[in-house]
Amino acid sequence: MRRITERLGGLAFGGDYNPEQWDEQVWKEDDLLMRQAGVNLATVGVFSWALLEPQQGRFDFAWLDAHLDRLHANGVAVDLATPTASPPPWFTLAHPDAMPVTADGTRLTHGSRDTYCLAAPGYRQAARRIAAALAERYGAHPAVAMWHVHNEYATVCYCEHAAAAFRDWLRARYGTLDALNAAWGTAFWSQRYGAWEQVLPPRATQWHHNPGHTLDYRRFWSDEALAAYREQRDAIRDHSALPVTTNLMLPGYQVLDLWKFGAEVDFVGIDHYPDAPGIDAAADTAFGADRARSFGGGKPWLLIEQGTNTVYSPSGTLPKEPGDILRHSLGHIGRGSEGALFFQWRQSRAGAELWHSAIVPHAGPDTRIFREAAATGAAVAGLGELAGSRVHAEVAVLHDADVWWALDTRGLPQVDYHAALRRAHRALWDAGVTADFAHPEHDLSRYRLVVAPSLYLLSDAGAASLRRYVEGGGTLLVQHFSGAVDGSHQARLGGYPGPLREVLGLRVEEYRPLGAGELLTLSDGSSVEGWSELLRAEGAEVVATYTSGVMDRQPALTRHRFGGGTGWYASTRLDDAGYAALIGRVLGESGADPVLAGLPAGVEAVRRSSPDGGSRSWLFLLNHGTEPVEVAVQGYDLLTAVDVGPAGLTLPARGAAVLRQG
């Protein structure tokens, strides 16, 4: 299938457009402002089910016909969405059994989006019907450039439909109840199942759930969501050869196996909203972009949603800083996105998200936000020559949904997997190194360094992959609480980290979580918190020891030569300075280099290269600081159309440059 950039003639810029919320006078203004802002792609129809199918089986496409024709005439292509994330009110009355049920048994009602159970037959049939009808009508429409199934798959249900589908999934996975009982260890707490009908979703219960049960339910639900996606995708493909995707959320919780979704979409689409302002937002942008690039395994990817002025911090919704619209957009593009889209074009006058930021805010186009968005559109329009270029990374961070879900189980020691992933990526980002994400079972041989943050659950296949990687000459950094359980969430016996003991040259005898506020010190001068482990070196070199408490003089940080490579192990959570020093040391040992050495603090660099192995590349430089800086680089700046010579570049405060080199 053709890349979106081929259809658009360059990178994508625009976002969600909801013309049904406005009148003809506003539509005319939209046509003018979209040209002014450089919009070439609009996502249409995401929440339009009630208008498209006002009664079950009766469709009204006249209004959408008019808007697609209008957008096409205005030079704007369309990402046509299926509206299945927001069923209309008639669906609730027709299919009350399809309303989602929470873990505590509460059946939710209509009044929000995402009021559906993905396992309900009535919902799945209705979703296929509207997807097929849209594709049949618009599969060859000249405005449509791509298809966008659903919106942010996230709703989890525990109803009887889900229970029945879960049992079918378990039968396919295990074959027999004996195999299921063995995998879940149901001899504990008298949980042995004697009939399939006895198996229920992990609903609210008295105390802790069986961890194998909860892990399999998370796996099942991700597979159910993927099956629902496939049904709509295939219904579209019956009438259209255009690429199909869905917009994946990359928040601090995760209900989908993003590797599996990446294998099924034609290109990866993500939504990304930072959860902190300033430099932290820039680092989080890189974190989201590097994940998106990785999940497709080399496929193109596209930022489908971001906010012009939206930061969802724990303390509330905060505004972005001046220049963030451009720098965040370029941060995604620099890491491989085929454009930058927003939610949404025009800020809604009413409804649940009337305060969600937009390209055209309530105050209209004579605003900082619209001016910055339009300037970003002009910048993106000048980057068309990057289409098809690739990002090369020498380092990978291991990312496994099974680990995330296994750690997210009540009754386990508190280790935040998402925080561990972000911390590892942030340390690499601070060091100026571009990182991929990879699954433990992937072929890792192309990476100089692999970082494994809290790889609590490790399958036999994953362990074999890591062993091959180190034997073949790779550098592996494994962090605390890794290799504790196998793929069935059963403890690894004989000492942790189970199948990695030989690779790392050690044996962990005991986990010793630390109390709140409890600190230990190490022989290298760093301090640690949250976690410690009693381990025995069995061939590994002890790089640092604990120097306080009951762990005094016990190994804390080790290094072990294995085959042609090296396995490092950190048995605790180092402070920021200690962790940065460790990352710097393993980077140096592995030979993985930063994109550009000697950058001033607060300046980010990332590079895209020509896909054919040629010498041409494009260096993105983003100054997240409040002062201009001098950078010793040369090239042609696509943003200013200026040649940067031997004297180097003055990068403005909160400014950016994209240098063509070679």
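These legends accompany close-up views of a predicted model.

**View 1. Helix H2 and the elements it packs against.**
Helix H2 covers residues 24-37, and its 14 residues should span 20 Å at 1.5 Å a residue. The C-alpha atoms at its ends are 20 Å apart, which agrees. If you are looking for the inward-facing side chains, start with Val-26, Asp-30, Asp-31, Leu-33, Met-34 and Ala-37, which are buried. The buried residues of H2 pack against three elements: strand E1 (12-17), helix H4 (62-73) and helix H13 (368-381). Just after the helix comes Gly-38, with a positive phi near 80°.

**View 2. Helix H13 and its cover.**
Here we turn to one of the partners of H2, helix H13 (368-381). With 14 residues at 1.5 Å each, H13 should span 20 Å, and the distance of 20 Å between its end C-alpha atoms agrees. Its buried residues are Ile-369, Phe-370, Glu-372, Ala-373, Ala-374, Thr-376, Gly-377, Ala-379 and Val-380. Among the elements covering them are E1, H2 and helix H12 (324-334).

**View 3. Helix H7 against helix H9.**
Two packed helices are described by the angle between their axes and the distance between the axes. For H7 (residues 160-174) and H9 (residues 211-237), the angle is about 100° and the axes are 10 Å apart. An angle from 65 to 115 degrees counts as roughly perpendicular, so H7 is roughly perpendicular to H9. On the H7 side, the contact is made by Ala-162, Ala-165, Phe-166, Trp-169, Leu-170, Arg-173 and Tyr-174. They meet His-213, Asp-216, Tyr-217, Arg-219, Phe-220, Trp-221, Asp-223 and Glu-224 of H9. By class, the contact of H7 with H9 has nine nonpolar residues, one polar and five charged.

**View 4. Helix H15 against helix H11.**
Helix H11 (residues 278-295) packs with H15 at an angle of about 105°, and their axes are 10 Å apart. The two helices are therefore roughly perpendicular to each other. H11 brings Ile-279, Asp-280, Ala-282, Ala-283, Asp-284, Ala-286, Phe-287 and Asp-290 to the contact. From H15 come His-418, Leu-421, Arg-422, His-425, Arg-426 and Trp-429. The residues in this contact divide into seven nonpolar, two polar and five charged.

**View 5. Helix H15 against helix H18.**
H15 (residues 417-430) also packs with H18 (residues 576-590), at an angle of about 65° and with the axes 10 Å apart. That makes H15 and H18 roughly perpendicular to each other, and H15 passes H18 in a right-handed crossing. Look for Arg-423, Ala-424, Ala-427 and Leu-428 in H15, where they meet Asp-576, Tyr-579, Ile-583 and Leu-587 in H18. This contact of H15 with H18 has six nonpolar and two charged residues, and no polar ones.

**View 6. Gly-474 in its loop.**
Gly-474 sits in the loop between helix H16 (460-471) and strand E15 (475-479). Is this glycine buried or exposed? Its relative accessible area is 6%, and buried means under 20%, so Gly-474 is buried. Leaving aside residues up to four places away in sequence, Gly-474 touches Arg-448, Tyr-469, Gly-565 and Thr-566. As a distance to try in your own viewer, Gly-474 and Pro-251 are 30 Å apart, C-alpha to C-alpha, with their positions 223 residues apart in sequence.

Technical notes:
Residues are numbered from 1 along each chain as its sequence is written. This is a predicted model: local features need pLDDT of at least 70, side-chain atom pairs count only at pLDDT 80 or more; totals for chains, interfaces and linings use all residues. Side-chain values use heavy atoms; hydrogens and water are left out. Helices (H or I, at least four residues) and strands (E, at least two) are DSSP runs, numbered from the N terminus. The expected span of a helix is 1.5 Å times one less than its number of residues. Buried means under 20% relative accessible area, exposed over 50%, partly exposed in between (1.4 Å probe, protein chains only). Contact means heavy atoms within 4.5 Å. Axes are lines fitted to C-alpha atoms, for helices over the stretch in contact, and angles run from 0 to 180 degrees between N-to-C directions. Angles under 35 degrees count as roughly parallel, over 145 as roughly antiparallel, 65 to 115 as roughly perpendicular and the rest as oblique. A crossing is left-handed if the near helix is turned anticlockwise from the far one by less than a right angle, and right-handed if clockwise. Ala, Val, Leu, Ile, Met, Phe, Trp, Tyr, Cys and Pro count as nonpolar, Asp, Glu, Lys and Arg as charged, and the others, Gly among them, as polar.
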